[in-house]
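Here's a quick briefing to read with the structure open beside you. Take it one topic at a time and find each spot as it comes up.

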Amino acid sequence: NGIPGDVAFMAYACARCGYCVNTCEQYSGRGWESHSPRGKYAYIREILAGREKWDRRSVDTILVCTTCEVCNTRCQLDIPVEHNWMTLRGKLVNEEKRGTFPPFEMMAESLRSENDIWACKSEHRADWLPADVKEKLVEKSDVLYFAGCTASFAEKDIAEASLRLIQDAGYSVAYMGEDETCCGIPMKVAGKWDLFEEIYEKNTAEARKRGAKTIVTSCPACGLVWKELYANIAAQRGDEYEFEVKHYSELIAPALADGTIQLKGDAFEGKTLTFHDSCHIGRAQGIYEPPRDMLKAIPGLNYVEMEHNREEGFCCGSVLTLVGEMPVAPVLGGFRIQEAMDAGADTLVALCPCCQFQLRNSNLKNGTAPNMVVDDLARVVATAAGYEIPESSEFVFYMWSFFEKFIILMAPQNMALFM
């Protein structure tokens with residue numbers, strides 16, 4: 001009945017034990033088992049038996065999965081649960097043209113015309129670069145910094161702080177600048193896989209022009225794309241794929257440990273910080289300690305762990321929830337804010353641009369922790385190194401406001417009133 005063979009096999013392999021249910025954030029934010037992995041597999045079996053068929057609601061239930069991969073770690077049978085939902089995104093949207101969330105269509109048009117998801121002009125993609133950082137960049141290098149869309153246009157403090165630290169660690173770095181294209185992860189999760197493959201071709205070609213062997217990212221999703229998703233396309237097509245992929249924390253933590261980068265304690269003396277494990281760098285890539293080592297290297301700082309950390313860490317709620325079912329997003333983000341409060345932290349540090357916005361937005365909407373600061377890992381460490389880099393939360397809220405208004409308008413009752 002149109003279900004990909006590997007997904008159909010796993011639907012029948014599911015033992016219905018329920019270990020995946022309560023730990024699924026998609027389920028936790030709604031309370032409907034149809035949103036849990038067990039519920040989705042049950043629905044797929046009904047489709048296979050001819051008793052159900054795909055409709056708008058069931059397609060959206062697949063699309064709104066946050067891709068946190070908790071289910072992959074909970075399944076007693078090691079079923080690749082999240083990967084099954086990714087396969088279905090391609091089948092339902094790319095092949096069967098059943099449609100995706102409207103904001104992803106906005107992003108797609110922006111990608112086709114300007115190579116980014118924020119509807120900004122490509123000639124401004126490198127405007128975040130301070131002059132002293134820009135003059136240290138080289139045309140060609142083994143190491144290429146990939147900034148990504150959100151750090152380039154909305155949360156520019158992330159890109160600046162990351163690249164300053166990478167350069168201070170002694171690396172000679174190239175950068176695509178205006179030739180950089182969005183990594184494509186929004187199109188992958190939206191099911192628009194044809195556009196995702198076009199992006200793969202653009203970015204890998206530009207990286208090769210600069211002699212890159214190691215791609216260094218700030219955004220965990222960008223890193224996952226270069227490390228796994230681009231590599232998978234290359235393998236399927238028989239393309240050469242020579243790139244090693246690193247998160248900047250894997251370069252900076254050793255530089256702090258050996259004294260290459262020196263930190264001061266003034267800015268964070270007596271502050272209590274905790275760290276949020278972004279799903280796409282933690283469970284998806286297994287990078288847990290380098291970010292913590294960076295924070296622990298700051299003199300005078302009190303570091304605490306939240307109850308759920310590393311592989312057990314909660315998902316922030318994901319921009320997918322903001323795009324697909326906005327009222328649920330602050331519920332999910334609120335779980336993480338509460339854990340940071342319970343740990344006694346006054347600052348919640350994250351390294352993913354999207355996690356930072358989702359956590360800030362959740363905190364604003366919930367109003368439960370008005371004094372809690374959500375800050376970027378690279379900016380925190382760069383501040384401790386003596387740099388003054390303003391945080392960009394106000395500007396990213398402004399940038400997001402256009403998407404938010406569009407999402408609200410696209411609700412059927414609101415569109416009816418508008419028309």
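**Pockets, cavities and cores**

The largest pocket has a volume of about 1000 Å³. Keep in mind as you look around that this is a predicted model. Besides its pockets, the structure holds three cavities of 30 Å³ or more, and the largest of these has a volume of about 640 Å³.

**The largest pocket**

- To find the largest pocket, look for Arg-56, Arg-57, Asp-60, Gly-324 and Glu-325, which lie nearest its centre among the 33 lining residues.
- Helices α3, α4 (56-63), α7, α16 and α20 each chip in at least two residues of this pocket's lining.
- Which element supplies the largest share of the lining of the largest pocket? That's α4, with six residues.
- Sorted by class, the lining of the largest pocket has 18 nonpolar, seven polar and eight charged residues.

**The second largest pocket**

- The second largest pocket has a volume of about 350 Å³.
- It has 19 lining residues, and the ones closest to its centre are Met-86, Lys-188, Trp-193, Leu-229 and Asn-232.
- Two or more lining residues come from each of α6 (81-95), α11, α12 (193-209) and α13.
- Helix α13 provides the largest share of the lining of the second largest pocket, six residues.
- The class count for the second largest pocket's lining is eight nonpolar, six polar and five charged.

**The largest cavity**

- Back to the largest cavity, at about 640 Å³: 37 residues line it, and the closest to its centre are Ile-185, Pro-186, Ala-221, Val-319 and Cys-354.
- The elements giving two or more residues to the largest cavity's lining are α7 (102-114), α9 (149-153), α11 (185-190), α13 (220-237), α16 (318-324), α18 (353-366) and α20 (393-409).
- Which of the elements gives the most to the lining of the largest cavity? It's α18, with four residues.
- What does the lining of the largest cavity look like by class? Its residues divide into 28 nonpolar, eight polar and one charged.

**The second largest cavity**

- The second largest cavity has a volume of about 110 Å³.
- There are 15 lining residues here, and Cys-14, Cys-17, Cys-20, Cys-75 and Ile-79 are the closest to the centre.
- Helix α3 (residues 37-48) brings the largest share of the lining of the second largest cavity, three residues.
- The second largest cavity's lining splits into 11 nonpolar, two polar and two charged residues.

**Nonpolar cores**

- The largest nonpolar core has 74 residues, and those touching the most other members are Tyr-41, Ile-44, Trp-54, Phe-104, Trp-118, Met-187 and Trp-226.
- Helix α13 gives the most to this core, with eight residues.
- Zoom in on Trp-54: leaving aside its neighbours within four places in sequence, Trp-54 is in contact with Ile-3, Tyr-43, Ile-44, Ile-47, Val-59, Ile-62, Leu-88, Leu-92 and Arg-98.
- Apart from the largest core lies another one, of 45 residues, including Val-216, Leu-256, Val-380 and Val-381.

**Cysteines**

- How many disulfides turn up in a search of the whole structure? The count is zero.
- A disulfide is a covalent bond between the sulfur atoms of two cysteines.
- Why is Cys-71 too far for a bond with Cys-68? Cys-68 has the closest cysteine sulfur, but that sulfur is 6.0 Å from the one in Cys-71, so the two are too far apart for a bond.
- Cys-71 counts as buried because its relative accessibility is 10%, and buried means under 20%.
- Cys-182 is in no disulfide either: the nearest cysteine sulfur, in Cys-149, is 3.7 Å away, while the cut-off for a disulfide is within 2.5 Å.
- Cys-182 also counts as buried, at 2% relative accessibility.

**Two positive phi angles**

- Most residues other than glycine have a negative phi.
- Lys-97 has a positive phi, near 55°, and is a residue other than glycine.
- You'll find Lys-97 in the loop between α6 and α7.
- Ser-318 has a positive phi too, near 70°, and lies in helix α16.
- Are these two buried or exposed? Lys-97 counts as exposed, at 59% relative accessibility, whereas Ser-318 counts as buried, at 11%.

Methods: Residues are numbered from 1 along each chain as its sequence is written. This is a predicted model: local features need pLDDT of at least 70, side-chain atom pairs count only at pLDDT 80 or more; totals for chains, interfaces and linings use all residues. Side-chain values use heavy atoms; hydrogens and water are left out. On a 1 Å grid over the protein atoms alone, a cavity is a set of points where a 1.4 Å probe fits but cannot get out, and a pocket is an open set with protein on both sides within 12 Å along at least five of seven lines; lining residues have an atom within 4 Å of a point. Grid points are joined across faces, edges and corners, and a volume is the space filled by probe spheres set on the points. Ala, Val, Leu, Ile, Met, Phe, Trp, Tyr, Cys and Pro count as nonpolar, Asp, Glu, Lys and Arg as charged, and the others, Gly among them, as polar. A nonpolar core is a set of buried Ala, Val, Leu, Ile, Met, Phe, Trp, Tyr and Cys residues joined through side-chain atoms within 4.5 Å. Buried means under 20% relative accessible area, exposed over 50%, partly exposed in between (1.4 Å probe, protein chains only). Contact means heavy atoms within 4.5 Å.
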